[in-house]
Amino acid sequence: IITEEGSYVALTQNGVIIDAGLVSNNGVLTLDISSIVSLDSLEVVVSKQNKIPYFGDIQIISPNGVFLSNSNNSFIDVIGNLDGAIDFNEVIEVDATIKNYGNLTANGVYANLTCNNNHINLIKDSSNWGILTAGSSLLINGAFKFEIDGSVPDQEVVQFQLEIFDQQSNSWISYFQIQINSPNSILNDIL
């Protein structure tokens, strides 16, 4: 779930709580839905102090066929201070995992990364995964690479879109976010 830091998110199915949690400072919350036993829709509630609660439904579908999604990412600052954090004026490599949640093999799997933020310059925006058998996942080290502008505001949250394709011209869209560290200085009047 991608939403504002400090939001509380709850998932229920037929009045039974599936999972719930507090969104961390990176705006992302992962909830465990492994206890779902039916294809009935999930109800989601997102609440935060001084905000209007969000109520919605998530349709559960049977994974017949191929169903691909970006299941995990790691970020490595390959040019910068190499501290493992995502900072201004750095080049970041993304180690990306795609999983086939379906029950058939996916052939010719590849993905394209896009970002509409002016502070991000995509250096490597596509990568190939090849074949993903049913239920398997595959990590590609250095799947994507981007550069962060030096004028990015501190704690800027940037969203990326990953469109995944197979050779049958099917496509799936996944999203992920990063939060960027940058100096937070205020210049006072100079005498």
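Guide: Before we start: two strands count as paired if DSSP finds at least two bridges between them. Keep in mind, too, that this is a predicted model.

Visitor: Okay, so what makes β3 and β4 a pair?

Guide: Five bridges join β3 (residues 42–47) to β4 (residues 54–58). The cut-off is at least two, so they pair. The strands run antiparallel, and one of the bridges sets Glu-43 opposite Asp-57 in β4.

Visitor: What sits between those strands in the hairpin?

Guide: Six residues, and among them Asn-50 takes a positive phi near 65°.

Visitor: How do you know that Glu-4 and Lys-48 form a salt bridge?

Guide: Their side chains come to 3.1 Å, N to O. The limit is 4 Å between a Lys or Arg side-chain nitrogen and a carboxyl oxygen of Asp or Glu, so the pair qualifies. Glu-4 is in the segment before β1, while Lys-48 is in the loop between β3 and β4, 44 residues apart.

Visitor: And what makes Glu-4, Lys-48 and Lys-51 a network?

Guide: Glu-4 also meets Lys-51 in a salt bridge, at 3.6 Å, N to O. That is within 4 Å, so it counts as well. The three residues are therefore linked through salt bridges.

Visitor: Why is Glu-4 called partly exposed?

Guide: Its relative accessibility is 39%. Buried needs under 20% and exposed needs over 50%, so Glu-4 falls in between. Lys-51, at 46%, gets that label too, as does Lys-48 at 28%.

Visitor: What makes Glu-93 and Lys-145 a salt bridge?

Guide: The closest N and O atoms are 3.7 Å apart, and with a cut-off of 4 Å the pair passes. Glu-93 lies in β6 and Lys-145 in β10, so the contact ties together parts 52 residues apart in sequence.

Visitor: Why is Asn-117 called buried?

Guide: Its relative accessible area is 17%, and the label needs under 20%, so Asn-117 is buried. You'll find it in the loop between β7 and β8. Leaving out residues up to four places away in sequence, Asn-117 touches Glu-156 and Val-158.

Visitor: How do you know that Asn-117 has a polar contact with His-119?

Guide: A polar atom of the Asn-117 side chain lies 2.7 Å from the backbone nitrogen of His-119. The limit is 3.5 Å, so the distance fits.

Visitor: Last one: what makes β9 and β12 edge strands?

Guide: Each pairs on one side only. The open sheet has the order β9-β7-β11-β12, with antiparallel pairing.

Methods:
Residues are numbered from 1 along each chain as its sequence is written. This is a predicted model: local features need pLDDT of at least 70, side-chain atom pairs count only at pLDDT 80 or more; totals for chains, interfaces and linings use all residues. Side-chain values use heavy atoms; hydrogens and water are left out. Helices (H or I, at least four residues) and strands (E, at least two) are DSSP runs, numbered from the N terminus. Buried means under 20% relative accessible area, exposed over 50%, partly exposed in between (1.4 Å probe, protein chains only). A polar contact is a pair of N or O atoms within 3.5 Å; within protein, one must be able to donate a hydrogen and the other to accept it, and residues adjacent in sequence count only if both atoms are side-chain atoms. Contact means heavy atoms within 4.5 Å.
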